[in-house]
Amino acid sequence: RHTDKVSASTVCLQSAFQGINVQIQDQNGIVTAILESNGRSRQYIDELNTSIRAIGSIIAAVEELTDQTKLLALNASLEAARAGAAGQGFAVVAEEVKQLSLKTEQATDDALKKVEAIEKARSMLFAHLADIDRRMQALNDRTGNINRAVAKQKSVTDTIADLAGRTSENTRKVSMSIAEVSNDAATNRTLAAKVHEYSNEISDR
């Protein structure tokens with residue numbers, strides 16, 4: 001009975017180990033998918049960084065043009081002032097150009113701030129992905145340790161199951177031998193009784 005209980009327990013443990021192994025494999029698949037997703041995200045971030053640099057170059061060019069436009073508007077205003085009444089129309093145009101350059105400068109500053117915010121978010125996201133990678137790698141290492149421990153325990157359990165099976169078989173053989181010995185003993189007792197009976201009959205004669 002004890003060996004049967006051991007065998008049943010080892011079967012349960014083997015089934016549990018198989019379940020754990022399946023869960024570990026599923027977890028490894030999830031971790032791998034996350035790492036691959038992070039890799040693709042890095043590619044997108046690199047592309048975004050390239051776009052940010054291109055936008056930065058455009059903004060720098062616009063700033064340079066804006067500075068030149070402001071300078072031209074200032075020179076035009078000075079020339080219009082020198083021209084007096086004859087330069088009034090030119091002064092109006094110069095003022096409009098000046099206002100346009102100021103609006104362009106403001107828009108450029110706003111765009112630059114947004115680009116800087118995007119750049120900051122990109123850096124934070126990159127750092128976050130790197131942190132996820134480190135955590136996933138640590139999880140992989142721990143999972144590997146668990147997997148090795150489970151494999152070792154499974155090996156021990158398999159050995160116990162094998163020994164329990166052999167013990168059960170040996171116990172069955174011993175039980176059969178005991179039963180045979182009991183039968184032989186009973187037969188011997190019967191024969192001994194008959195011999196004793198025959199001996200008494202012979203003595204009586």
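## Burial and the overall picture

Buried means under 20% relative accessible area, exposed means over 50%, and partly exposed covers the range in between. Those cut-offs place Asp-131 at once: its relative accessible area is 25%, so Asp-131 is partly exposed. The model described here is predicted.

The protein has 205 residues, and buried residues make up 14% of them. Its accessible surface comes to about 14900 Å². Carbon and sulfur atoms hold 59% of that surface.

## Two helices

The secondary structure is simple to list. There are two helices and zero strands. Helix H1 covers residues 2-83. Helix H2 covers residues 88-204.

Contacts reach far along the sequence. Take those in the protein with a separation of 6 or more: residues 24 or more positions apart account for 89% of them.

## Arg-42 and its partners

Five salt bridges are found in the structure. One of them joins the side chains of Arg-42 and Asp-133, with N and O 2.3 Å apart. Arg-42 belongs to helix H1 and Asp-133 to helix H2, so this pair ties together parts that lie 91 residues apart in sequence. Both Arg-42 and Asp-133 are buried. Side chains of opposite charge can pair when their charged atoms come close.

Arg-42 has a further partner. It lies over the face of Phe-126, at 5.7 Å from the ring centre. Pairs of aromatic rings are another matter: a search of the whole structure finds zero.

## Asn-38 in helix H1

Asn-38 also sits in helix H1. Its relative accessibility is 5%, so Asn-38 counts as buried. Setting aside residues up to four places away in sequence, Asn-38 touches Leu-129, Ile-132 and Asp-133. Asp-133 is thus named twice: it is in contact with Asn-38, and it forms the salt bridge with Arg-42.

## A salt-bridge network on helix H2

Asp-131 takes part in two salt bridges described here. With Arg-134, the N to O distance is 3.6 Å. With Arg-135, the closest N and O atoms are 2.8 Å apart. Salt bridges that share partners join Asp-131, Arg-134 and Arg-135 into one network.

The members of this network lie along helix H2. Asp-131 and Arg-134 are three residues apart, about one turn of the helix. Asp-131 and Arg-135 are four residues apart, again given as about one turn. The two arginines are exposed: Arg-134 has a relative accessible area of 53%, and Arg-135 stands at 56%. Asp-131 is partly exposed. In the bridge between Arg-42 and Asp-133, by contrast, both residues are buried.

## Thr-108 in helix H2

Thr-108 is found in helix H2. At 7% relative accessibility, it is below the 20% cut-off, so Thr-108 counts as buried. A polar atom of its side chain lies 2.6 Å from the backbone oxygen of Thr-104.

What does Thr-108 contact, leaving aside its neighbours within four places in sequence? The residues are Ile-59, Val-62 and Glu-63. Helix H1 spans residues 2-83, so these three contacts of Thr-108 fall within the range of that helix.

Methods:
Residues numbered from 1 in each chain as written. Predicted model: local features only at pLDDT ≥ 70, side-chain atom pairs only at ≥ 80, totals over all residues. Heavy atoms only, no water. Phe/Tyr/Trp six-rings, centres within 6.5 Å; stacked < 30°, edge-to-face > 60°. Lys NZ or Arg CZ within 6 Å of the ring centre and 35° of its normal. Buried < 20%, exposed > 50% of the residue type's maximum accessible area, 1.4 Å probe, protein only. Contact = heavy atoms within 4.5 Å. Areas by Shrake-Rupley, 256 points an atom, 1.4 Å probe, with all protein chains shown as cover. Polar contact = N/O pair within 3.5 Å; in protein donor to acceptor, adjacent residues only side chain to side chain. Salt bridge = Lys/Arg side-chain N within 4 Å of Asp/Glu carboxyl O.
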